[in-house]
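Here is a briefing on one structure. It covers empty space, the ligand site and strand pairing.

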Amino acid sequence: MWILSEDTFDPAKQHHKETIFTIGNGYLSTRGAFEEGYPNDRRATFIHGVFDDAPIVVTELANAPDWLALHVLLDGEKFSLATGTILAYRRELDLQSGVLRREVRWQSPQGRVARLIFTRFASLADEHLLALRCEIIPEFDGQVELRAAINGQTDNEGLLHWQPLTQGQLTDGTVFLRTRTRKSRIELALAMRLLGNAAQTAFWDVENVPTVQQVYVARAGQPIVVTKFVGIATSRDTAAPLELAHRHLQATPDWESALAAQRQVWAREWERCQIVIEGDDEADLAVRFSIFQLLIAAPRRDNRVNIGAKTLSGFGYRGHAFWDTEIFMLPLFTYTAPEIARNLLDYRYFTLPAARAKARAAGYEGAWYAWESADTGEEVTPTWVPDFHDKKKLARVWTGDLAIHISADVAYAVQQFWQATGDDPWYIERGAEIVLDTAKFFASRAEWLAERGCYGYTDVIGPDEYHDHVNNNAYTNLLAQWNLRAGLETLAWLDQHAPQKAAELRRQLDLTPDRLQHWQTVAEKICVNVGANGLIEQFDGFFQLKDVNLADYEPRTKSMHEIFGIEGANEYQAIKQPDVLMLQFLLREQYSDSQIRVNYDYYTPRTDHTYGSSLGPPIQAIVACQMGDIAEAYEHFIRAARADLRDVRGNAGDGIHAASAGGVWQAVVFGFGGLRIHPDGTWAVYPRLPSHWRRLTYRFTLRGTTHTITCYPNGHYTMG
Ligand code: BGC
């Protein structure tokens, strides 16, 4: 299943649909708003790295000038779905080629009828090129007028980020706009060319909205075809963005060749991450949709940007990146498109200075990554946000202060990438430093808890954010332990394979024998509360909290956080996401099936699967698969798969749930597909298909070799 479609336009779902019909090319993404506009639309284009200052949220991706703007007038009547009559409607996103198409048959208020077909894509073959075509088949004789613009008057929900510089028309007819972000002073240039057989063409030099007007003679049944190409570049790419944007425009002869290049590149892209689910069309489409959303957000040529929690598809989380990237999205890239994974990890390497500064400012050593990270890697988590009970009140956000697990999450992804690719040069050059400096952070942040005789981390927030200011969160402690050991192993490995680099890092990071001994001690004596049966206490005192039966609150449409309140939620055993299970998923090798089973049975009924974090369900699905509870696994999986497609949480309008999308891929491959990759690089497959799946095929690459696995319901599989 490759086509995501709708056959009616429902204004009530406008924002949700804008999100899921987003197109992009790893450089930018454009939400699925209509070319001609619609009242209250949230039209937006976000370009990687184009951040600008913003109150409360510190910095946000600036909504770029609108390249879609295209008005069609039928004998002077403006086409709009808000007026007239929609006689037929269909919108399709072809995931295979990244092309969005909308076909409408529309009757104007005064009775003129036309069929309009809009097709658009952001070229994956040329990331500086955007393409849009409008085909109009009038059912009347008269005149069709087009007004195509670059609209520089865009904002971020009211906040203006752009300061126009210049605009005009070049000698070859190209119309351009140069503009700049107000605070970060990033210059952006857009250059537009319109192709068609117009009877008349004029340039309207409208301030900040340079426009080309074209007039066509309309004959009933005779198509009018107009192509709008837009070249785009920023001062992050080059010192002369307009030249670059213009060059890319000039290099594009026509629609057909641009589209052919697009199809070709996308075919290559899908080749390596192929997944086919037979027997479940919804799942088949959903997993492709998830992959598509991540592929269009994945920087191909830029290693100084990351993928925000909402990709580039919405205003939610302002383009900030979280652990969502490393733990949820990266595996797809690491195992199918390692050069993208490397770009994303490079970003963490380049933001080490900010991570060090954050640790230092709090009185620690090493690298403490920002919980929310943007262009520089400085902490950009807002300190306060509107309270969900009373939007006029503010609630304190503690994750930026207390969620230290992010450093271990980054180190974990670095190691996973290294193991999967065997990219020693990269690890020596960049990865090792991340692992060592995060280890250093965890050693310095650890406290000796004399009364318990162990090292712990007090006053933290784990993945389950319903509980803040907790002590000894198991996820945090055990990933810190893992990180410390990974640091020691890294140094030993460097001593052997890159002694010069080992010496350099020892010096640079002051890795004295005493310090390394301390790492060892902290790792050995990390606090963790595990019962004789293997049940891990999520944090100190969790089992003493009021127990809760989430079933008693059903049916509900709110999260347990909203029901209990921010303070209240701290008193109950209801959790936002399966904290301990996430730990056991990541450190799979350390736990037997029966140890996982005990924790799975305890924490599953206490997890807010429906309205807690969207990060939870895919991991829950994988662990359920491991436990052999396939029907239950499917329930969690399909909840994740529908997060955006069906807007099950009601907030898809804010943008794609990127971690969930990455989790969907993982649930199929590591869950149902049963792929298990051991730390030494060996791997095995234990297929566990839902009963209605006839066949599952997936592909992954390990150390340069691509494997195609086909799984069958009887637990067998074949390798291609
Ligand atoms: C989740 C975090 C996540 C963030 C961004 C929060 O609601 O609890 O785990 O990183 O959203 O997706």
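The largest cavity has a volume of about 60 Å³. The model is predicted. In total, the structure holds six cavities of 30 Å³ or more. A ligand is also present, and the protein buries 88% of the 310 Å² that the ligand exposes when taken alone.

**Largest cavity**

- The lining of the largest cavity consists of Ala286, Phe289, Ser290, Ala640, Ala641, Asp644, Leu645, His657, Ser660, Ala661 and Val664.
- Three helices each supply at least two of these lining residues: H4 (281-295), H19 (630-645) and H20 (658-672).
- Helix H19 gives the most, with four residues.
- By class, the lining of the largest cavity has seven nonpolar residues, three polar and one charged.

**Second largest pocket**

- The second largest pocket holds about 780 Å³ of space.
- Its lining has 32 residues. Nearest the centre of this pocket lie Tyr412, Leu586, Arg588, Glu589 and Ile677.
- Several elements give two or more residues to the lining of this pocket. They are the helices H5 (323-336), H9 (405-421), H11 (474-497), H16 (579-586), H18 (616-626) and H20, together with strand E25 (675-677).
- Helix H11 gives the most to the lining of the second largest pocket, with five residues.
- That lining divides into 15 nonpolar, nine polar and eight charged residues.
- Helix H20 supplies at least two residues to the lining of the largest cavity, and H20 also gives two or more to the lining of the second largest pocket.

**Ligand site**

- The residues around the ligand are Ala309, Tyr317, Phe322, Trp323, Asp324, Trp371, Glu465, Lys576, Gln577, Ser613 and Leu615.
- This shell has six nonpolar, two polar and three charged residues.
- Asp324 places a polar side-chain atom 2.5 Å from an oxygen atom of the ligand.
- Gln577 has a polar side-chain atom 2.9 Å from a ligand oxygen atom.
- For Trp323, a polar side-chain atom lies 3.0 Å from an oxygen atom of the ligand.
- The ligand alone exposes 310 Å², and the protein buries 88% of that.

**Sheet E2-E3-E4**

- Three strands make an open sheet, ordered E2-E3-E4, with antiparallel pairing.
- Strands E2 (23-24) and E4 (45-47) are at the edges with a single partner strand each, so one side of each has no neighbour in the sheet.
- Strand E2 runs antiparallel to strand E3 (residues 28-30), and two bridges join them.
- Gly24 stands opposite Ser29 in E3.

**Strands E9, E10 and E11**

- Strand E9 (residues 85-94) and strand E10 (residues 99-107) run antiparallel and are joined by nine bridges.
- Across this pair, Ala88 stands opposite Arg105 in E10.
- The hairpin of E9 and E10 has four residues between the strands. Gly98 takes a positive phi near 70° in this hairpin.
- Strand E10 also pairs with strand E11 (residues 113-122), in the antiparallel sense, over eight bridges.
- Here Trp106 stands opposite Ala114 in E11.
- Five residues lie between E10 and E11 in their hairpin. In that turn, Gly111 has a positive phi of about 100°.

Conventions: Residues numbered from 1 in each chain as written. Predicted model: local features only at pLDDT ≥ 70, side-chain atom pairs only at ≥ 80, totals over all residues. Heavy atoms only, no water. 1 Å grid on protein atoms, 1.4 Å probe; cavity = no way out; pocket = protein on both sides within 12 Å on 5 of 7 lines; lining within 4 Å. Points joined across faces, edges and corners; volume = space filled by probe spheres on them. Nonpolar A, V, L, I, M, F, W, Y, C, P; charged D, E, K, R; others polar. Pairing = 2+ DSSP bridges. Near = heavy atom within 4 Å. Polar contact = N/O pair within 3.5 Å; in protein donor to acceptor, adjacent residues only side chain to side chain. Areas by Shrake-Rupley, 256 points an atom, 1.4 Å probe, with all protein chains shown as cover.
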